[in-house]
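Let's take a walk through a protein model together. Have a look at the sequence and the 3D view, and then read on.

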Amino acid sequence: MSRSWIREKLPEFVRDLFRMFCHSSVALNREFESFDEEGVVCFECLRDLVGTEMDKGLLWRMKDTAHHVFRNDPEKPAEGQFLDWALGYIFHETVKLREDAYQLQNYGPWLQEIMEEDAHGPQQEVSGRLVEVLTQTRESMRREIDRIRFFMNNCRTLLPVYLVRHRDNTLLARFIFSHEDLVRNAFGSDYGMLMEGVYKDEPERMYVLACRSLRMGGWFAEANRAIEAALQERPDGKLVLQEKKIIDNWASRIKS
């Protein structure tokens, strides 16, 4: 990919990166909660999140997209460089977690079964030491999960700092509006910080931009829902009233 093409498509790349971060956050948190409660994670789920060189998973695509976005930003802001590193770290740490999950899921039950069948064999001392490795593997998984959580938390802090420079990105605004439940799930209590960080004291801007993108795509009902949300935020806002006028004109033409 040429740098000029990436910069031309930057609004799409930024939207895609944010979308992948939200989806991966939800998916990883689900596995981490499983580990907290039951001491296990789903190897198949982690395998699909990572993927392969020929069939890249969500985390792999997120890492590659982060490289495209942040390494081709002519301003190269510090928060972008940190995000590039952090998102890549999440990918590589998940690869290690996936391998540990494989060991625990496939060899743990098998080894336990052998020990139960030969509870008094002469090799019990050796097998006992081997079982200790499984305990160490679980401890490694806890450290890997803690590191991934650490980087995800910091990404949630850094993303609004970076995305404020994309506060006029209609594709990003449309995604946040259309997938609010997902974004809230991914950011949790930091959702307000995200909105305030990106749109500052103009929360209606997100809805106006989403409305603009939706109406240009022909999604009239969704566009109307977005402008109504904007009116609730700032009923006398100049951008809001301009977009509302366009929507009303569309509605008149449709009725006629």
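A charge is said to sit over a ring if NZ of Lys or CZ of Arg is within 6 Å of the ring centre and within 35 degrees of the ring normal. In this predicted model, the charged end of Lys-63 does just that with Phe-91, lying 5.1 Å from the centre of the ring.

Lys-63 is one of the buried residues of helix 4, among them also Leu-58, Trp-60 and Phe-70. Because 10 of the 14 residues of helix 4 are buried, the helix is largely enclosed by the rest of the structure. Its length makes sense too: at 1.5 Å a residue, residues 58-71 should span 20 Å, and the end C-alpha atoms are indeed 20 Å apart.

Now let's turn to the aromatic rings. The whole structure contains 11 aromatic pairs. In one of them, Phe-70 meets Tyr-162 with ring centres 5.0 Å apart and planes at 80 degrees, so the pair is edge-to-face. Since Phe-70 belongs to helix 4 and Tyr-162 to helix 6, this pair ties together parts that are 92 residues apart in sequence. Both Phe-70 and Tyr-162 are buried. Phe-150 and Phe-151 are also edge-to-face, at 5.4 Å centre to centre and 90 degrees between the planes. Elsewhere, Phe-18, Phe-21, Phe-175 and Phe-187 form one aromatic cluster.

Finally, visit helix 9, where the buried residues include Tyr-191, Leu-194 and Val-198. Seen down the axis of helix 9, its buried residues fall within an arc of 165 degrees, so they line one face. Right after helix 9 comes Lys-200, with a positive phi near 50 degrees.

Note on methods:
Residues numbered from 1 in each chain as written. Predicted model: local features only at pLDDT ≥ 70, side-chain atom pairs only at ≥ 80, totals over all residues. Heavy atoms only, no water. Helix = DSSP H or I, 4+ residues; strand = E, 2+ residues; numbered from the N terminus. Expected span 1.5 Å × (residues − 1). Buried < 20%, exposed > 50% of the residue type's maximum accessible area, 1.4 Å probe, protein only. Arc of directions from axis to C-beta. Phe/Tyr/Trp six-rings, centres within 6.5 Å; stacked < 30°, edge-to-face > 60°.
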